Amino acid sequence: MEDFRRLRIGQGMDVHAFAEGRKLILGGVDIPHTRGLLGHSDADVLAHAISDALLGAVRGGDIGKLFPDTDPAYKDADSLKLLAAVAAFVREQGYEILDVDSVIAAQAPKLSPYRDQMRQNLADAMGVPVENVGVKATTTERLGFEGREEGISATAACLCARCS
């Protein structure tokens, strides 16, 4: 039973609306599409959801606490760099990242051709093996804001363990 007390789970979610004149960045991959996502940083909803899951596992608040959108230093920031900083924060708190799983909800574009690169980018940013990172994509069968192609959401869950 003692070993289980070392484990912490976290969950995260992020949502961004589509905007004209922006790149669509998901999992650090620049995906060809007619619109990108609106945000203070590069608006990578996948990296943001994973960051929030990791922060949740170590009770570190959320991504906005570490990287407020009111701070000009994070304007157009690379979210993979923010994720790397979150992973470093997790380790500073005495935890190891064991596993991350995620889901992107988007009616369009089709994301399966980019999944492997997203997994690799995210794994590299967190300093974990790629086999410890899951990325899935789904449509919402044209329901909700994702189905109306107004934006994209992502959810993530993670498992961390106290090192000591």
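Start by selecting aspartate 30 and lysine 23: the two form a salt bridge, with their closest N and O atoms 3.6 Å apart. Keep in mind as you click around that this is a predicted model. Now colour the pair by accessibility. Aspartate 30 comes out at 42% relative accessibility, so it counts as partly exposed. Lysine 23, at 56%, counts as exposed, because the cut-off for that label is over 50%.

That pair is one of six salt bridges in the structure. Side chains of opposite charge can pair when their charged atoms come close.

Next, pick aspartate 101 and lysine 136. Here the closest N and O atoms of the salt bridge are 2.7 Å apart. Aspartate 101 sits in strand S5 and lysine 136 in strand S6, so the pair ties together parts that are 35 residues apart in sequence. How accessible is aspartate 101? Its relative accessible area is 33%, so aspartate 101 is partly exposed. Lysine 136 is partly exposed too, with a value of 34%.

While you have those two strands in view, select S5 (95-105) and S6 (133-138) in full. The strands run parallel, and six bridges join them. For one place to zoom in, take isoleucine 104: its bridge partner in S6 is alanine 137.

Now add helix H4, residues 115-126, to the selection. Together, S5, H4 and S6 make a right-handed β-α-β unit. Try a quick length check on the helix. At 1.5 Å a residue, its twelve residues should span 16 Å, and the end C-alpha atoms are 17 Å apart, which agrees.

Which residues of H4 are buried? Show Met118, Asn121, Leu122, Ala123, Ala125 and Met126 as sticks, and you have them. To see what covers these buried residues, bring up the elements around them, which include strands S2 (24-26) and S3 (29-31), helices H1 (45-57) and H3 (79-92), and the strands S5 and S6 that you already have on screen. Before leaving the helix, step just past its end to glycine 127, where the backbone takes a positive phi of about 70 degrees.

Back to charged side chains. Select Arg22, Lys75 and Asp76, which are linked in a network of salt bridges. Then jump to arginine 148 and glutamate 150, whose side chains meet in another salt bridge at 2.8 Å, N to O. Arginine 148 is exposed, with a relative accessible area of 52%, while glutamate 150 counts as partly exposed at 40%.

Last stop: glutamate 149. Where does it sit? Look in the loop between helix H5 (144-147) and strand S7 (151-162). Glutamate 149 counts as partly exposed, at 24% relative accessibility. Leave aside its neighbours within four places in sequence and ask which residues it is in contact with. You should find Phe18, Arg35, Gln107, Ala108 and Arg142. Zoom in on arginine 142, since its side chain makes a polar contact with that of glutamate 149 at 3.3 Å. To finish, draw a distance between the C-alpha atoms of glutamate 149 and proline 109: they are 40 residues apart along the chain, with a separation of 9.4 Å.

Definitions and conventions
Residues are numbered from 1 along each chain as its sequence is written. This is a predicted model: local features need pLDDT of at least 70, side-chain atom pairs count only at pLDDT 80 or more; totals for chains, interfaces and linings use all residues. Side-chain values use heavy atoms; hydrogens and water are left out. Helices (H or I, at least four residues) and strands (E, at least two) are DSSP runs, numbered from the N terminus. The expected span of a helix is 1.5 Å times one less than its number of residues. Buried means under 20% relative accessible area, exposed over 50%, partly exposed in between (1.4 Å probe, protein chains only). Contact means heavy atoms within 4.5 Å. Two strands pair if DSSP finds at least two bridges between them. A crossover is right-handed if, with the strands pointing away from the viewer, the path from the first strand over the helix to the second runs clockwise. A salt bridge is a side-chain nitrogen of Lys or Arg within 4 Å of a carboxyl oxygen of Asp or Glu. A polar contact is a pair of N or O atoms within 3.5 Å; within protein, one must be able to donate a hydrogen and the other to accept it, and residues adjacent in sequence count only if both atoms are side-chain atoms.
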